[in-house]
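The exercises below are meant to be worked with the sequence and the coordinates open side by side. Try each task before reading the solution that follows it.

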Amino acid sequence: MNLGTRKILDNSFTAVGMGSIVVMALALLAVLTPIVYNGVGAVFFTGTIEHRTILYKEYGRGDAKTIETQTATAERYRGEAYRMLSDFEAEMEGMPFEASSRYRSQYAQVRAAMSSLLGPLPGDPTPMLTRFQYGQTRWEKAEEKLHEILYEKKWDYSDPTVMAKAFYVPRAEAFAGTMLAPLFGYLDRHLADMMQPEFTVYWGFFTDRSLDAHIFGGIWPEIQGTFFLAIGAMLFAFPLGVIAAVYFTEYAKEGFFTSILRSANSTLAGVPSIVFGLFGLAFFINTMKVSESKSVLAGSLTLAIMILPTIIRAAEEAILSVPKTYKEASLGLGSTKWNTIATVILPAALPGIITGGIISLGRAAGETAPIIFTAAVSVGSAIGIADVFSSPTPALSWNIYNLASEHEMACEIRHVQYGMVLSLVSIVLLLNLSAILLRAKISQKLKG
Amino acid sequence: MQMRAEHKESAAKGSATATRDIYIPSERVAVSGGGTPHVVAKDFSIYYGDFEAVKKVNAEILSKYVTAIIGPSGCGKSTFLRAINRMNDLIPSCHTSGILRFDGEDIYGKLTDEVLLRKKIGMVFQKPNPFPKSIFDNIAYGPRLHGMNDRKQLEEIVEKSLRKAALWDEVSDRLERNALGLSGGQQQRLCVARTLAVEPEILLLDEPTSALDPKATAKIEDLIQELRGSYTIMIVTHNMQQASRVSDYTMFFYEGVLVEYAQTAQLFTNPKDRMTEDYITGRFS
C-alpha cells in the first residue's frame, strides 16, 4: 500500500471515529436535556398561593402572615368570580327547563374546571381526597386550567379520511347574554390576582413525603427506598463477590469444576433482570420466606444476586492485575498465603474492587424489574431502618415507571416524574463519580 | 561433575567455628564460623511437568560465604535458587526429586513448613518489588507478620535493617513516604533491607542488579561484600564480572546440569571443564 492510500485510510478512520463520538454526544444531549430541564422544573417553578398553603398546612412551613394576606387578596378576587357563578345559578333556576338544560352540561364543565383551578367552590362539601382539596399549585398548570375554562374543546370530523382534529371554541359565545358571560373576561384578567404566582424554590421536593400519591409534596420515600435497596444489595453482594473472586484467582485449581463455576458466573451476568425479579419472588419470598410478602430485605437479596457476577468479575480483574512480584515478595518474607492476600494483594487491588462495587451499586439503584415483585410499592411513606425486614418501600426506578404508566393523574404531575428521573440519574452519576474519585485517590496513595 | 576436594577435606576436620583452611580469592579473608554445609543437594532434580529443568544436582553450599550461580539463559540457575526457599511452589506444574537439605532439614519434606522456611531463607528478586506502602511499612512488614507490634522495637529493626542495607542515610528523613517513589537502586536495597528485617540465615539474590544501572549495581555489590560473613549468600547473575567480583564460590550450570562448582578464582582462572572455559571466555552465552 502506498503512502498516499495509507494516509487517506488513516484520516478517514479518524473522521469516522470522531463522527461516532459526536453522534453519541448528541444522543446523550438529546436524552439529558429534557430530563434536566423538566426535572429542574420540579424544584424551581412559579408557585401559586395554593402551593404555599399546602406547605403551611401539611408540612408546617412558610410564613403564616404573608400567606394570610396573600390568601385574603386572592379570596377577594375569587369572591367576585364565585358571585358570578351563584348569580348564574340563580338565573338558571328562573329559566324555563328547555333554556336551562341548554346550559346545564357546559356549566358543569366550567364549574369542574373552576374547582380544579381554585379548589373547592363555596358551598361544596370538603372532598375526601387531598388532591381535590386544593387548587393548582403551579402557575403553568393554572394557565392550562384557565384555558380549559375559557375554551371548549371540540372535534372536527368533517373529513372522514383523516383523524379528527381538535379545535377550541370560546365558551363566552355559548353563554352570551347570561350573567355568566363576564366571568370569562374576568378570569382572564385576574388569574394572577387569584393565584398570587411567585417564583418558588422547593427544595422540599427531595425531602418531603408525598401527599395523595405524588399529587403534592416530594419524593423522599422514593429516594430513601432506593438507598436502602442499593446499600442492602451491596451489604450482601460485596463481601460475597470479593470472597468469590479471591477463591477464583488464588485458590481454585484450573479444572472442570472451576471452568463450570466460571461459565456459571458469566451466564448469571447475562440473565435478564426480570428473571431475577421472578426468581426473587419465588425463592426469597415464597420458598425461603425471608418476609411475609414484599420487603426491602427480599429486594436487596434479589438485587444482590443480580449484581454479584459483576462484582466478582471486577474484583477478579483487579486481583489479577496486582503484580505477581508483590505476592512473591510477601511469600518470600515468610508470609502465609492468607496473610499475603489480606495485607498485600487485596489492598493493592482495592481501587479496582471499589470501582466495580460502586458501579454495581449504581446499577442496583437504577434497576426496576428485580424489585417489582420483591420490594417496591407505588405509594407509601418512608420506612424506618427497623422495618427493612418486613416492609416494602417506594423506590425511584419503580415509581418512575408507575407515574409514567399506571398513575390515574399521570399527565397532571409530569414534573414529579421528571424530578424523580433527574434524581435517579443524579444519584447514579454521583455514585460513579465518587467511584472515579475514590479510585484516583487510592491509586495515588499506592503509587506514592 | 566437579566435586570440591577442599570441602570434603575441611568437612573431615569437622570444626564449625574455626577459620577454614581453604583457598579464598586473594583479596578476601576467610570468615569466621563459616564454611559448614548450609544447603545440601543430593541427586536433586526439578521438573516443570515432564521437563527436567535441573538435573541431579549434588552440591553443598557453605555457610557465610557468597556463592554465585552463572550459566546461559534457561540453564536452570534461577530454578535451582528458587527451589531453596520453595518459591517454585507457586508454579503448579513444578515438582522435585532427590534431596535438598537446609541445616539438615529436608526442604521438600512432608512436614516442612514452607512459611517458616522462607522466614529463614530470604529472597531478593530480579525486579525491585517493594510493596506500595511506606518505606517504614515495607521493612516492618516481615516483623509484623511474625508477631511484632511494638512500635519502638519496629523502629529499631527498621533502622538496623536499613543501615545494614546501606540505605539509612538516604531515606532516614522520609520513612513515611511511599517506597515506590525511590529510585530503582534504592528500591532494590530496600528489598534487601526488608529481607534482612526478618533475620534470615540465607539470602538468595536472583539477578538482583539486572534491572539496575551501573552505579546502583556497584552499590548492591558493595552491599553484598558488607553482608558477607554474616549471611550465607547465593546470587544468580548473568554478569560474569559480577560473579568474580562478589563471590567466594561459583557454580556453573548448563542445560540443567551443574557442570562445575569451585572457588571463584579457580573457576575463572583455571576451569576444569571445557564447557566452563568456553562460557567464561565468551565462546557462547
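**Exercise 1.** Find the residue with a positive phi that follows α2(B), and establish which residues of α2(B) are buried.

*Solution.* In this predicted model, the residue to find is B:Arg86, which follows α2(B) and has a positive phi near 60 degrees. Turning to the helix itself, α2 of chain B spans residues 77-84, and 8 of its 8 residues are buried, so that the helix is mostly covered. The buried residues are B:Lys77, B:Ser78, B:Thr79, B:Phe80, B:Leu81, B:Arg82, B:Ala83 and B:Ile84. As a last step, look at what the helix lies across: these are the strands β3, β6, β7 (202-206), β8 (232-236) and β9 of chain B, and α2(B) runs at about 150 degrees to β7(B).

**Exercise 2.** Work out the strand order of the 6-stranded open sheet in chain B, and say which strands form its edges.

*Solution.* Reading across the sheet, the order is β6-β7-β8-β3-β9-β10 of chain B, with mixed pairing. The edges are β6 and β10 (257-263) of chain B, each of which pairs on one side only. On average, and with direction ignored, neighbouring strands of this sheet are turned by 15 degrees against each other. For one pair in detail, take β3 (residues 66-70) and β9 (residues 249-254) of chain B, which run parallel and are joined by 4 bridges; here B:Ala68 stands opposite B:Thr250 in β9(B).

**Exercise 3.** Describe the 4-stranded open sheet of chain B and explain why one side of β2 and of β5 is left without a neighbour in the sheet.

*Solution.* The strands of this sheet follow the order β2-β1-β4-β5 in chain B, and their pairing is antiparallel. Because β2 (51-62) and β5 (105-106) of chain B stand at the edges and each has a single partner strand, one side of each lacks a neighbour in the sheet. The pairing of β4 (residues 94-102) of chain B with β5(B) is antiparallel and extends over 2 bridges, with B:Arg101 opposite B:Asp106 in β5(B).

**Exercise 4.** Compare two helix pairs of chain A: how are α10(A) and α12(A) oriented to each other, and how are α14(A) and α17(A)?

*Solution.* Begin with α10 (residues 256-270) and α12 (residues 296-320) of chain A, whose axes are 8 Å apart and which pack at an angle of about 130 degrees. The two helices are therefore oblique to each other, and their crossing is left-handed. From α10(A), the residues A:Asn265, A:Leu268 and A:Ala269 meet A:Leu308, A:Pro309, A:Thr310, A:Ile312 and A:Arg313 of α12(A). Sorted by class, this contact has 5 nonpolar, 2 polar and 1 charged residues.

Next take α14 (residues 337-366) and α17 (residues 414-447) of chain A, whose axes come within 9 Å and cross at roughly 175 degrees. Since angles over 145 degrees count as roughly antiparallel, α14(A) is roughly antiparallel to α17(A). The contact includes A:Leu350, A:Ile354 and A:Ile358 from α14(A), and A:Leu431, A:Leu438 and A:Ile442 from α17(A). By class, the contact has 16 nonpolar, 6 polar and 1 charged residues.

**Exercise 5.** Identify the buried residues of α2(A), and determine whether A:Met409 is buried or exposed.

*Solution.* In α2 (residues 49-59) of chain A, the buried residues are A:Ile49, A:Glu50, A:His51, A:Arg52, A:Thr53, A:Ile54 and A:Leu55. Their cover includes β1 (44-47), α3 (64-94), α7 (181-195), β4 (198-201) and β6 (216-217) of chain A. The helix is followed by A:Gly60, which has a positive phi near 65 degrees.

A:Met409 is found in the loop between α16 (396-405) and α17 of chain A. Because A:Met409 has 12 C-beta neighbours inside 10 Å, it counts as exposed. Its C-alpha atom is separated by 8.0 Å from that of A:Ile215, although the two residues are 194 residues apart along the chain.

**Exercise 6.** How many residues of each chain take part in the contact between chain B and chain A, and which element of chain B supplies the largest share of its side?

*Solution.* Counting by chain, 25 residues of chain B are in contact with 16 residues of chain A. On the chain B side, α3 (114-120), β6 (121-124), α4 (135-145) and α7 (184-196) each supply at least two residues, and the largest share, 4 residues, comes from α3(B). By class, this side has 12 nonpolar, 8 polar and 5 charged residues.

How values were computed
Residues numbered from 1 in each chain as written. Chains lettered and ligands numbered in written order. Predicted model: local features only at pLDDT ≥ 70, side-chain atom pairs only at ≥ 80, totals over all residues. Contact = placed C-beta atoms within 7 Å. Nonpolar A, V, L, I, M, F, W, Y, C, P; charged D, E, K, R; others polar. Pairing = 2+ DSSP bridges. Axes fitted to C-alpha atoms, helices over the stretch in contact; angles between N-to-C directions. Parallel < 35°, antiparallel > 145°, perpendicular 65-115°, else oblique. Left-handed = near helix turned anticlockwise from the far one by under 90°. Buried ≥ 20, exposed ≤ 12 C-beta atoms within 10 Å, placed from the backbone.
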